[in-house]
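Thanks, everyone; I would like to spend a few minutes on how some helices pack against each other, so please have a look at the model before I go on.

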Amino acid sequence: MMNRILAGITAAMLAGAAPLSAHATDLVIYHTWSAPPEVAALNVLKKNLEAKGDSWTDIAIPHDTGSNVNLMNLVAGGNPPNLFMESNPGVYRDLTKAGLGRPLTDFFKEHGYPDKYPDAVARSMVVDDQVMKVPTALHIDGMVYYNMDVAKKLGIDPTAWKSLDEMFADFDKVKAAGVIPLAVGGQQWQVGYLTHALAATIGGPDFFNKIYGEKPDPAVFDSPEFRQVFDYLRKFQQAADEGSANREWNLTTNLVITGKALMQIHGDWMKGEWLAAGKTAGKDFGCIQIPGAKAVAASVDSWGLLGGQPADKDKAELDFASIVVDPNVQAEFAKAKGSTPVRLDAPQDSLDACSKEVLRIVADPKHQVQNPHAISDADWENSIWDVAFNFWSDPDMSVDDAIAKIKENYKTILG
């Protein structure tokens, strides 16, 4: 069955493509991107790959619907992709155990690793002392993107907020003007991302890593900072508009773009939606870290290469990696995606105000943590998402109830 599905995908892709050279190597590319800016960014890589004489066959699944599980099912079924978008270290460990890992340490030494990457990016690439991932996009998970025209009309300056409490204090003024203060997409993964962004904001790196690190510390669950994470999560839920339930992130961003909402706190891939709408960073929209943040969580979208391949496949995979790490491609890719280039030496004239702000923030290695996808046990992270989303969805669920469930999950999964 899977062979027929993959054959159908390949046939559909090739039917609309120009004739390829007899020596072209077809690469199966597995990812979770489907929003227009994401597809535009993928097309930058595809264009450059095809220029090398290789071809691209796409396998795309919906974002955060168990991509790592589906990937491993393809591998177990004998139909693995050649390249896959994945950050979870457990996937790379499982592939290595199966003889399909593809270390890239030597490749990156040739390309100047790690001095051309911010700290969060450099650390995200390594699994068990080997470089295993090819970073392609840098985002801060919890950025405030706001409509500058709406803020000006309401007499609000988000850059003046020094804390979350100062931010919430302005919401009554926003509501009185008939504008949604905070646009939120009420889906499990969006609530999960907000939760870990709040953990970084409230507690800083040490606190964050005691929750999401490779070896969580259960003592952290009794800390006042952990309680504050859920206290603020409830405030965010109460500030959400009635239409937030199960709304996609990009539709939520559109509320801010069109002036129906003042702001959104989400990953700064939001910028791609603003750019696609013809808006300009620093003119139409502003972007700041969460007010009072002690740290920011950095997402690094990364590609993995399948090991154990014939020589032609291995060469084509490295062709792909070379494209991804090229600083000029990085600049073009980031502009399409709405991300920030992962390389510090990407052409600066392509950076907009928000990318410059992201690079300013991540210039301090002590002010950043990695997205849990890159460091956490997948079951543990998913259990936190479950609790956070249940807490979000049930206004009667107390903070004590949420913490008790987190502790129970810890004992079951990691205890």
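Let me begin with a convention on handedness: a crossing is called right-handed if the near helix is turned clockwise from the far one by less than a right angle, and left-handed if anticlockwise. Please keep in mind that this is a predicted model.

With that convention, H2 passes H14 in a right-handed crossing, and the contact is made by Leu45, Asn48 and Leu49 in H2, which meet Ala316, Phe320, Ile323 and Val324 in H14. By class, that contact has six nonpolar residues, one polar residue and no charged ones. The axes of H2, residues 36-51, and H14 lie 10 Å apart at an angle of about 130°, and the two helices are therefore oblique to each other.

As for H14 itself, its 15 residues, 311-325, should span 21 Å at 1.5 Å a residue, and the end C-alpha atoms are indeed 21 Å apart, so the two values agree. Among the buried residues of H14 are Ala316, Phe320, Ile323 and Val324, and Glu317 and Asp319 are also buried.

Now to the other partner of H2 that I want to show, which is H15, residues 327-337: here the axes come within 7 Å and cross at roughly 155°, which makes H2 roughly antiparallel to H15. This crossing of H2 with H15 is right-handed. On the H2 side the contact includes Pro37, Glu38, Leu45, Lys47 and Asn48, while H15 contributes Val329, Glu332, Phe333, Ala336 and Lys337; by class, the contact has nine nonpolar, one polar and four charged residues.

Note on methods
Residues are numbered from 1 along each chain as its sequence is written. This is a predicted model: local features need pLDDT of at least 70, side-chain atom pairs count only at pLDDT 80 or more; totals for chains, interfaces and linings use all residues. Side-chain values use heavy atoms; hydrogens and water are left out. Helices (H or I, at least four residues) and strands (E, at least two) are DSSP runs, numbered from the N terminus. The expected span of a helix is 1.5 Å times one less than its number of residues. Buried means under 20% relative accessible area, exposed over 50%, partly exposed in between (1.4 Å probe, protein chains only). Axes are lines fitted to C-alpha atoms, for helices over the stretch in contact, and angles run from 0 to 180 degrees between N-to-C directions. Angles under 35 degrees count as roughly parallel, over 145 as roughly antiparallel, 65 to 115 as roughly perpendicular and the rest as oblique. Contact means heavy atoms within 4.5 Å. Ala, Val, Leu, Ile, Met, Phe, Trp, Tyr, Cys and Pro count as nonpolar, Asp, Glu, Lys and Arg as charged, and the others, Gly among them, as polar.
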